[in-house]
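User: Could you take a close look at one helix for me and walk me through how its two sides sit in the fold?

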Amino acid sequence: MARIRDVVVDCRHPASLARFWAAVLDGYDVAPYDDTELERLRGIGVDGPEDDPSVLVEPPDGGGPRMFFNAVPEHKIVKNRLHLDLDADDVAGELTRLLGLGATVIADGEDMVLADPEGNEFCLLAR
């Protein structure tokens with residue numbers, strides 16, 4: 001049986017979007033950059049993590065799917081064909097926190113539809 005290993009998001013600036021999602025998701029962090037990884041980046045002409053074309057966000061225990069944020073040249077134009085549903089015990093409090101991180105509200109109804117800083121939709125639901 002197949003399992004979800006990675007969720008991959010095309011975006012304009014992987015480092016900043018990875019930081020957003022690492023802050024959004026409980027227990028997730030941007031993967032650290034060691035000397036070997038920094039050398040690999042320099043070898044492909046990338047000065048450092050801020051310009052990395054593929055940034056990994058992962059849970060520290062490896063228990064959930066990882067997220068990769070990959071640079072693409074085009075801007076998001078239409079509604080996502082796939083989105084994440086998040087849940088929270090305190091939807092109002094979580095909404096305030098997400099807005100503070102840079103999310104925006106797209107639709108406020110039974111399902112709260114938000115967008116990340118690059119316009120990718122996601123939902124916030126009561127647990």
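Analyst: Let's start with Glu-94: leaving aside residues up to four places away in sequence, Glu-94 touches Val-24, Ala-88 and Leu-124. Keep in mind that this is a predicted model. Glu-94 has its place in helix α3, and with a relative accessible area of 17% Glu-94 counts as buried, because the cut-off for buried is under 20%.

Glu-94 has company. Leu-95 and Leu-98 of α3 are buried along with Glu-94. Looking down the axis of α3, you find the buried residues within an arc of 105°, so they line one face of the helix. There's a textbook reason for this kind of spacing: an α-helix has 3.6 residues a turn, so residues three or four places apart point the same way.

Now flip to the other side of α3, where Ala-92, Thr-96 and Gly-100 are exposed. Take Ala-92, which belongs to the helix spanning residues 91–101. Ala-92 has a relative accessible area of 54%, so Ala-92 counts as exposed, the cut-off being over 50%.

What sits over the buried residues, then? The cover of α3's buried residues includes a helix, α1 (14–24), plus the strands β5 (84–88), β6 (104–108), β7 (112–115) and β8 (121–126). Those strands make up an open sheet of 4 strands in the order β5-β8-β7-β6, and the pairing is mixed. At the edges are β5 and β6, each of which pairs on one side only. On average, neighbouring strands in this sheet are turned by 30° against each other, ignoring direction. As for the helix, α3 lies across β5, β6, β7 and β8, and runs at about 155° to β8.

It's worth zooming in on one pair of strands here. β6 and β7 pair in the antiparallel sense, over 4 bridges. If you want to find one of those spots on screen, go to Ala-107, whose bridge partner in β7 is Val-113. In general, strands of a sheet pair through backbone hydrogen bonds, either parallel or antiparallel.

Last, the way out of the helix. After α3 comes Gly-102, which has a positive phi, near 120°. To get a feel for the distance here, go from Ala-92 to Thr-104: these two are 12 residues apart along the chain, and their C-alpha atoms are separated by 14 Å.

So the picture to keep is a helix with Glu-94, Leu-95 and Leu-98 buried, Ala-92, Thr-96 and Gly-100 exposed on the other side, and the strands β5, β6, β7 and β8 that the helix lies across.

Terms used. Residues numbered from 1 in each chain as written. Predicted model: local features only at pLDDT ≥ 70, side-chain atom pairs only at ≥ 80, totals over all residues. Heavy atoms only, no water. Helix = DSSP H or I, 4+ residues; strand = E, 2+ residues; numbered from the N terminus. Buried < 20%, exposed > 50% of the residue type's maximum accessible area, 1.4 Å probe, protein only. Arc of directions from axis to C-beta. Contact = heavy atoms within 4.5 Å. Pairing = 2+ DSSP bridges. Axes fitted to C-alpha atoms, helices over the stretch in contact; angles between N-to-C directions.
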